[in-house]
Amino acid sequence: DETASPLQWVCVRVSWRALFTGRLSGQITARRIASSTGADDAGEDVADLPWRIERWRDDEAPQTISAGTTSARGIARFTFHDNGRFMLTITADGHDWQIPFTVAPEIHPETDP
(Lines give C-alpha, C1' and ligand atoms only; values in the text may rest on other atoms or scores of the structure.)
Protein backbone atom coordinates (compact mmCIF):
# COMPACT_ATOMS: atom_id res chain seq x y z
CA ASP A 1 0.00 0.00 0.00
CA GLU A 2 1.21 3.45 -0.85
CA THR A 3 0.60 6.32 1.52
CA ALA A 4 -1.06 9.24 -0.22
CA SER A 5 0.97 12.43 -0.06
CA PRO A 6 -0.75 15.75 0.63
CA LEU A 7 -1.54 17.96 -2.33
CA GLN A 8 1.16 20.46 -3.17
CA TRP A 9 0.20 23.99 -4.15
CA VAL A 10 2.25 26.84 -5.55
CA CYS A 11 1.36 30.07 -3.76
CA VAL A 12 2.29 33.08 -5.92
CA ARG A 13 2.10 36.64 -4.63
CA VAL A 14 2.49 39.67 -6.87
CA SER A 15 3.02 43.14 -5.42
CA TRP A 16 3.05 46.41 -7.36
CA ARG A 17 4.36 49.88 -6.56
CA ALA A 18 4.11 53.07 -8.55
CA LEU A 19 7.35 55.02 -8.23
CA PHE A 20 7.70 58.82 -8.32
CA THR A 21 9.80 58.46 -11.46
CA GLY A 22 6.71 57.25 -13.34
CA ARG A 23 7.92 53.67 -13.33
CA LEU A 24 5.99 50.61 -12.15
CA SER A 25 7.93 48.28 -9.89
CA GLY A 26 6.80 44.78 -8.98
CA GLN A 27 7.82 41.63 -7.19
CA ILE A 28 6.72 38.02 -7.67
CA THR A 29 7.16 35.59 -4.75
CA ALA A 30 6.55 31.85 -5.20
CA ARG A 31 6.43 29.12 -2.52
CA ARG A 32 5.34 25.49 -2.71
CA ILE A 33 3.00 24.69 0.18
CA ALA A 34 0.96 21.69 1.34
CA SER A 35 -2.46 23.39 1.56
CA SER A 36 -4.57 25.63 -0.65
CA THR A 37 -5.00 28.20 2.15
CA GLY A 38 -1.35 29.25 2.06
CA ALA A 39 -1.18 28.89 5.84
CA ASP A 40 1.63 26.33 5.75
CA ASP A 41 4.81 28.23 6.64
CA ALA A 42 6.89 25.10 6.12
CA GLY A 43 6.73 25.54 2.34
CA GLU A 44 9.76 25.85 0.11
CA ASP A 45 10.75 28.53 -2.37
CA VAL A 46 10.00 27.81 -6.02
CA ALA A 47 13.02 28.58 -8.18
CA ASP A 48 12.93 28.97 -11.96
CA LEU A 49 9.20 29.76 -12.14
CA PRO A 50 8.78 31.42 -15.58
CA TRP A 51 6.91 34.70 -15.97
CA ARG A 52 6.46 37.40 -18.61
CA ILE A 53 4.74 40.74 -19.02
CA GLU A 54 3.28 41.54 -22.42
CA ARG A 55 1.84 44.80 -23.74
CA TRP A 56 -1.47 44.45 -25.60
CA ARG A 57 -2.64 46.92 -28.20
CA ASP A 58 -5.69 46.78 -30.44
CA ASP A 59 -3.64 46.93 -33.64
CA GLU A 60 -0.61 44.82 -32.65
CA ALA A 61 0.32 41.36 -31.51
CA PRO A 62 1.44 41.14 -27.88
CA GLN A 63 4.93 42.50 -27.25
CA THR A 64 7.01 41.15 -24.36
CA ILE A 65 8.11 44.00 -22.06
CA SER A 66 9.82 41.94 -19.38
CA ALA A 67 10.37 38.24 -18.68
CA GLY A 68 12.39 35.91 -16.50
CA THR A 69 12.23 33.26 -13.81
CA THR A 70 12.19 33.35 -10.05
CA SER A 71 15.51 33.14 -8.22
CA ALA A 72 16.62 30.29 -5.96
CA ARG A 73 14.75 32.14 -3.19
CA GLY A 74 11.53 32.12 -5.26
CA ILE A 75 11.63 35.86 -6.00
CA ALA A 76 11.57 37.88 -9.21
CA ARG A 77 11.56 41.66 -9.52
CA PHE A 78 10.63 43.81 -12.49
CA THR A 79 10.28 47.46 -13.36
CA PHE A 80 9.09 49.29 -16.47
CA HIS A 81 7.76 52.66 -17.61
CA ASP A 82 4.81 52.55 -19.97
CA ASN A 83 1.06 53.12 -20.08
CA GLY A 84 -1.44 50.74 -21.61
CA ARG A 85 -2.96 47.28 -21.27
CA PHE A 86 -0.71 44.46 -20.10
CA MET A 87 -0.84 40.76 -19.23
CA LEU A 88 1.33 39.13 -16.56
CA THR A 89 1.63 35.39 -17.30
CA ILE A 90 3.08 33.02 -14.70
CA THR A 91 3.63 29.36 -15.57
CA ALA A 92 3.35 26.97 -12.60
CA ASP A 93 3.15 23.19 -12.79
CA GLY A 94 2.49 23.28 -16.52
CA HIS A 95 -0.38 25.78 -16.32
CA ASP A 96 -0.39 29.42 -17.42
CA TRP A 97 -1.97 31.86 -14.98
CA GLN A 98 -2.77 35.24 -16.53
CA ILE A 99 -3.29 38.51 -14.70
CA PRO A 100 -4.50 41.40 -16.90
CA PHE A 101 -3.74 44.93 -15.71
CA THR A 102 -3.81 48.49 -17.01
CA VAL A 103 -1.33 51.26 -16.31
CA ALA A 104 -2.69 54.78 -16.79
CA PRO A 105 -1.13 58.18 -16.12
CA GLU A 106 -2.13 59.84 -12.89
CA ILE A 107 -4.94 62.34 -13.29
CA HIS A 108 -5.05 65.41 -11.04
CA PRO A 109 -8.63 66.72 -10.75
CA GLU A 110 -7.31 70.18 -9.84
CA THR A 111 -5.19 70.58 -12.98
CA ASP A 112 -6.48 68.10 -15.58
CA PRO A 113 -9.69 68.70 -17.56
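The following exchange examines how the structural terms applied to this predicted model are justified.

Me: What kind of model is this, and how are its residues numbered?
Reply: This is a predicted model, in which local features need pLDDT of at least 70 and side-chain atom pairs count only at pLDDT 80 or more, while totals for chains, interfaces and linings use all residues. Residues are numbered from 1 along each chain as its sequence is written, and side-chain values use heavy atoms, with hydrogens and water left out.

Me: What makes up the secondary structure of the protein chain?
Reply: The protein chain has zero helices and eight strands. Helices (H or I, at least four residues) and strands (E, at least two) are DSSP runs, numbered from the N terminus. From that end, the elements run β-β-β-β-β-β-β-β.

Me: How do you know that S4 and S7 pair?
Reply: Two strands pair if DSSP finds at least two bridges between them. Strand S4 (residues 50–57) and strand S7 (residues 84–92) are joined by six bridges in the antiparallel sense, so the definition is met. Within this pairing, arginine 55 stands opposite phenylalanine 86 in S7.

Me: Which strands form the open sheet, and in what order?
Reply: The open sheet has four strands in the order S5-S4-S7-S8, with antiparallel pairing. Its edge strands are strand S5 (60–69) and S8, each of which pairs on one side only. On average, neighbouring strands of this sheet are turned by 25 degrees against each other, direction ignored; the axes are lines fitted to C-alpha atoms, for helices over the stretch in contact, and angles run from 0 to 180 degrees between N-to-C directions.

Me: How many bridges support the pairing of S4 with S5, and how many join S7 to S8?
Reply: S4 and S5 pair in the antiparallel sense over seven bridges, and proline 50 stands opposite threonine 69 in S5. S7 and strand S8 (residues 95–103) run antiparallel and are joined by nine bridges. The bridge partner of methionine 87 in S8 is proline 100. S7 and S8 form a hairpin with two residues between them, and aspartate 93 in the turn has a positive phi of about 50 degrees.

Me: Why is arginine 55 called buried?
Reply: A residue is buried under 20% relative accessible area, exposed over 50%, and partly exposed in between (1.4 Å probe, protein chains only). Arginine 55 has 12% relative accessibility and therefore counts as buried. Across the protein chain, buried residues make up 25% of the 113 residues.

Me: What makes the contact between aspartate 82 and arginine 55 a salt bridge?
Reply: The term requires a side-chain nitrogen of Lys or Arg within 4 Å of a carboxyl oxygen of Asp or Glu. The side chains of aspartate 82 and arginine 55 meet at 2.1 Å, N to O, so the criterion is satisfied. This pair links distant parts of the chain, with aspartate 82 in the loop between S6 and S7 and arginine 55 in strand S4, 27 residues apart.

Me: How many salt bridges does this rule give?
Reply: The count comes to four salt bridges. One of them joins arginine 31 to aspartate 45, with the closest N and O atoms 2.6 Å apart. Arginine 31 lies in strand S2 and aspartate 45 in strand S3 (residues 44–45), so this pair ties together parts that are 14 residues apart in sequence. Arginine 31 is partly exposed at 25% relative accessible area, and aspartate 45 is partly exposed at 33%.

Me: What makes up the largest nonpolar core?
Reply: A nonpolar core is a set of buried Ala, Val, Leu, Ile, Met, Phe, Trp, Tyr and Cys residues joined through side-chain atoms within 4.5 Å. The largest such core has 16 residues, and those with the most contacts inside it are Ile28, Trp51, Ile53, Phe80, Leu88 and Phe101. The elements giving two or more residues to this core are strand S2 (24–33), S4, strand S6 (75–80), S7 and S8. S7 contributes the largest share, four residues.

Me: Which residues are in contact with phenylalanine 80, leaving aside its neighbours within four places in sequence?
Reply: Contact means heavy atoms within 4.5 Å. On that basis, phenylalanine 80 is in contact with Arg23, Leu24, Ile53, Ile65, Phe86 and Phe101.
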